[in-house]
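Here is a friendly walk through one protein–DNA model. Please keep the sequence and the 3D view open as you read.

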There are 4 protein chains.
Amino acid sequence: MGEPADNTRTDELIIRIGRGASGDSAGPTGKRAAIVQAATGLFLRQGYQGTSTDQIAAVAAVSKQTVYNQFRDKKTLFAEIILGVTATAERFAAELPNEITGVRAADDVEPALRSLAHRYLSTVLNPQVLALRRLIIGEASRFPELASEYHRRAPARVLAALADVFSRLADRGLLTGDPSDAAEDFAFLVLGPALDHGMFHVDDDPMPEPAVRRAADRAVAVFLAGYRRPS
Amino acid sequence: MGEPADNTRTDELIIRIGRGASGDSAGPTGKRAAIVQAATGLFLRQGYQGTSTDQIAAVAAVSKQTVYNQFRDKKTLFAEIILGVTATAERFAAELPNEITGVRAADDVEPALRSLAHRYLSTVLNPQVLALRRLIIGEASRFPELASEYHRRAPARVLAALADVFSRLADRGLLTGDPSDAAEDFAFLVLGPALDHGMFHVDDDPMPEPAVRRAADRAVAVFLAGYRRPS
Amino acid sequence: MGEPADNTRTDELIIRIGRGASGDSAGPTGKRAAIVQAATGLFLRQGYQGTSTDQIAAVAAVSKQTVYNQFRDKKTLFAEIILGVTATAERFAAELPNEITGVRAADDVEPALRSLAHRYLSTVLNPQVLALRRLIIGEASRFPELASEYHRRAPARVLAALADVFSRLADRGLLTGDPSDAAEDFAFLVLGPALDHGMFHVDDDPMPEPAVRRAADRAVAVFLAGYRRPS
Amino acid sequence: MGEPADNTRTDELIIRIGRGASGDSAGPTGKRAAIVQAATGLFLRQGYQGTSTDQIAAVAAVSKQTVYNQFRDKKTLFAEIILGVTATAERFAAELPNEITGVRAADDVEPALRSLAHRYLSTVLNPQVLALRRLIIGEASRFPELASEYHRRAPARVLAALADVFSRLADRGLLTGDPSDAAEDFAFLVLGPALDHGMFHVDDDPMPEPAVRRAADRAVAVFLAGYRRPS
DNA sequence: AATGAATGAGTATTCATTCAT
DNA sequence: TATGAATGAATACTCATTCAT
């Protein structure tokens with residue numbers, strides 16, 4: 001049951017991004033969706049400045065002016081795409097608590113946390129997610145508002161969901177310590193090394209499954225040393 | 001005297017970066033240094049694509065052709081600057097072990113680790129360092145080689161230095177566990193939250209000193225729960 | 001009684017212009033009128049090239065295609081507006097002779113001419129009239145036919161009306177000289193300086209009433225020195 | 001003696017305009033001069049908005065960027081051209097008083113004034129001068145500062161020179177009345193009709209010499225009726 | 001008759017780079 | 001080595017006009 005990590009493959013992410021902004025149904029908005037899809041891919045691959053509106057129009061098979069009719073300017077298109085994608089992160093955050101619903105007071109939390117850690121890490125290591133992160137970080141000084149808003153809506157919301165999870169586990173007598181602190185420590189024990197590596201190594205093959213699992217397990221071990229309630 | 005965090009102030013960093021590439025003093029190659037210094041500041045503030053060679057030449061008070069005489073093209077200049085700056089990180093890594101030189105077998109490691117964590121965090125939170133990180137991450141898909149080389153020489157080298165530190169502490173019977181794992185966990189417990197925040201919030205005021213200290217102390221506590229040798 | 005100068009206020013002029021082309025009242029062709037009105041204001045304020053059909057459609061609250069359905073193209077719309085406005089000038093010319101209807105042979109022409117001069121000058125100094133003049137002059141090389149046609153129908157017709165007036169006054173023994181020459185001299189003595197100034201000073205406050213009156217009076221004095229019949 | 005009207009022919013005016021702005025000598029500034037010359041002709045023929053920078057560069061046989069290297073932007077180029085041309089007007093104004101230097105107290109002013117009027121009218125009717133006037137008037141709402149500055153430097157300065165002339169003639173007992181009023185009345189009696197016609201009739205053949213002379217003579221007659229000192 | 005969406009050519013301006021001196 | 005002037009290709013964005021509905 002545990003790891004549906006593959007439901008965040010590239011294509012699907014792009015489609016979700018494309019749907020985020022407005023109604024679709026393939027009718028008159030087909031062009032708008034095509035633009036969003038094309039622009040998303042191009043921005044992720046080439047960056048904001050590296051992508052020209054000509055390119056976007058060409059890839060979307062649309063005239064340049066249609067791009068401008070739909071999105072006032074390049075900045076607006078960019079912002080709409082970036083904020084559109086947060087829906088994915090929000091969905092992920094909303095699903096997080098489900099990971100531990102079955103855990104009872106008498107159980108050992110470790111397996112549940114390993115599963116959670118694994119899912120979390122797999123999601124973040126998705127190449128598209130990494131590329132998005134790079135994109136936003138790289139444009140943070142050009143779009144400071146957008147960057148901080150993204151952070152608030154995506155990574156910070158996931159952290160809040162984690163804190164919620166840990167708070168409930170504390171209620172059941174399984175963990176101790178401040179839930180927000182726990183969330184941060186958990187998150188960066190799990191993600192830290194791989195995310196750091198992923199930010200700087202664009203062309204590397206994705207981390208193989210067993211390595212992901214090992215990293216998750218190890219992070220959970222250290223985390224529990226600090227936060228497991230002594231029995 | 002513990003934390004000489006201030007030796008990484010903005011101006012100095014730039015100067016160090018500027019000197020990294022070709023160690024000439026004033027002389028006729030002052031121009032080269034001027035170009036590097038100007039370009040470093042501009043790249044950090046405006047990004048690679050956001051900075052024009054006109055601007056660089058203007059800020060360096062040099063003709064545009066001089067820039068091309070010295071650096072073949074913009075990419076070369078950029079790469080040389082980025083790799084030049086790793087010298088700073090290497091120096092930092094080289095100094096890390098000194099932090100714990102005085103720790104004896106009978107001592108408590110906690111104060112030394114707190115000091116180390118604080119220094120580490122302060123260094124990484126320096127606005128210039130954050131800007132450099134953003135810059136390289138943002139250009140990682142345009143300069144993949146450069147990004148991974150930077151990572152290898154700077155953050156990874158610091159991790160190796162940390163691993164070395166922890167290995168020595170293990171030898172003295174103060175810590176347990178795999179030193180490399182310990183280094184990663186330590187690093188991301190310390191840096192994780194603040195670095196993540198710093199990547200996305202460009203305009204925020206820098207984290208105030210007491211908060212930095214608290215974060216460092218908390219990270220050390222969790223770290224030691226997992227890695228302190230049981231006595 | 002004397003000077004109904006105010007019947008050439010801004011709003012009214014626009015409305016008159018708007019109605020000039022097709023005399024429909026509200027109904028389904030209210031759209032046409034709305035377009036004309038919107039375009040008139042925009043052309044006067046921003047010029048022909050400075051006004052886009054998008055803007056016209058937006059201000060008229062009409063779709064862009066509706067503009068094209070009604071007016072074939074931008075040039076046609078412009079021409080129709082310019083020629084529509086000549087109706088105003090023609091009306092003005094037609095009313096001019098009334099100014100001196102009451103003058104009898106024994107009377108002094110001076111008061112009547114002063115009143116005429118004042119009304120003439122006030123009319124021409126109306127900001128909308130000045131803007132229209134600037135507009136047509138500025139587009140004269142793009143629309144040579146239109147410009148000369150406008151001149152024929154508007155300023156030249158007023159000159160003809162003046163000549164008619166002076167001819168009648170000559171018949172009553174009050175003036176001498178060629179009526180056409182008199183009309184020209186009168187017109188440019190009255191209008192010359194203010195009109196010249198008005199063409200080049202867009203943002204200036206309108207000439208204050210007393211100054212208008214003084215200019216008119218002075219022009220009449222010089223005119224009469226040349227054209228009053230010696231008694 | 002009287003009429004050197006032909007020294008203001010088209011080509012020469014353009015050259016003078018071109019020389020107005022900065023040093024030349026056909027050396028490295030040859031390109032700058034070429035740009036100014038090309039732009040002057042294009043602006044006069046097609047207006048500001050109707051002339052593209054591509055066109056300017058093409059006609060000047062220069063790359064587009066060279067245009068931007070020499071003149072920050074299109075507006076700057078336009079302004080420099082317009083203000084450059086005022087030098088011509090200033091020269092004309094400075095020479096005006098020479099027209100009447102030979103007039104003695106006992107002489108009849110009429111011949112001198114006729115000559116002056118003729119020269120004045122011929123100059124203003126030059127097609128290039130008319131085109132320049134149309135250009136500035138047409139762009140007055142886009143460049144209000146420029147338009148009023150031009151008026152101050154060119155037509156207004158000529159009026160001041162005329163006032164100076166009339167003041168000196170009054171000193172010699174030949175004229176009466178306020179010199180400034182006299183200047184205005186003279187100017188518009190002379191120029192009025194032809195200038196008005198010229199603003200709106202772009203393609204017309206230039207006014208034939210005899211007609212110019214007649215117009216000048218007639219204007220002087222009316223002027224003297226109002227301003228000749230009664231003896 | 002009216003619309004919203006679309007188009008292709010054109011706008012001013014800037015780019016990284018090179019040439020003549 | 002250093003420069004100022006020059007280049008051609010690209011930039012984001014706008015234009016007048018037309019098509020499907």
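Let us begin at the DNA. H4 of chain A, H4 of chain B, H4 of chain C and H4 of chain D each supply at least two residues of the surface near DNA strand E. Helices here are DSSP runs (H or I, at least four residues), numbered from the N terminus, while strands are runs of E with at least two residues. A residue is near a strand if one of its heavy atoms lies within 4 Å of it.

Two notes on the model: it is predicted, local features need pLDDT of at least 70, side-chain atom pairs count only at pLDDT 80 or more, and totals for chains, interfaces and linings use all residues. Residues are numbered from 1 along each chain as its sequence is written, chains are lettered from A and ligands numbered from 1 in the order in which they are written, and side-chain values use heavy atoms, with hydrogens and water left out.

**Strand E.** Of the 33 residues around DNA strand E, the nearest are Lys31(A), Lys74(B), Gln65(C), Thr66(C) and Gln65(D). Sugar or phosphate holds 52% of the DNA strand E atoms within 4 Å of the protein, and bases hold the rest. By class, this surface has 18 polar, ten charged and five nonpolar residues. In this scheme Ala, Val, Leu, Ile, Met, Phe, Trp, Tyr, Cys and Pro count as nonpolar, Asp, Glu, Lys and Arg as charged, and the others, Gly among them, as polar.

**Strand F.** Around DNA strand F there are 33 residues, of which Lys64(A), Gln65(B), Thr66(B), Lys74(C) and Lys31(D) come nearest. Sugar and phosphate make up 54% of the DNA strand F atoms that come within 4 Å of the protein. Helix H4 (64-70) of chain A, helix H4 (64-71) of chain B, helix H4 (64-71) of chain C and helix H4 (64-70) of chain D each give at least two residues to the surface near DNA strand F.

Some polar contacts to the DNA follow (a polar contact is a pair of N or O atoms within 3.5 Å; within protein, one must be able to donate a hydrogen and the other to accept it, and residues adjacent in sequence count only if both atoms are side-chain atoms).

| Residue, part | DNA atom | Distance |
|---|---|---|
| Tyr68(B), side chain | strand E, phosphate oxygen | 3.0 Å |
| Lys64(C), side chain | strand E, base nitrogen | 3.3 Å |
| Lys64(D), side chain | strand E, base oxygen | 2.6 Å |
| Ser63(B), backbone | strand F, phosphate oxygen | 3.2 Å |
| Gln65(C), side chain | strand F, base nitrogen | 3.2 Å |

**Chains A and B.** Chain A can be laid on chain B with an RMSD of 0.2 Å by a turn of 179° and a shift of 0.0 Å along the axis, using least squares on the C-alpha atoms of residues with pLDDT of at least 70 in both. The two copies are thus related as by a two-fold rotation axis. In chain A, Gly138(A) has the C-alpha nearest the axis, 1.7 Å from it.

The contact (heavy atoms within 4.5 Å) takes 37 residues from chain A and 37 residues from chain B. Ile137(A), Phe188(A) and Phe200(A) supply 21% of the area that chain A buries against chain B, more than any other three residues. Buried area is the accessible area (1.4 Å probe) that two parts lose on being put together, summed over both.

The interface of chain A and chain B holds eight salt bridges (a side-chain nitrogen of Lys or Arg within 4 Å of a carboxyl oxygen of Asp or Glu). In one of them, Arg218(A) pairs with Asp185(B), with the closest N and O atoms 3.0 Å apart.
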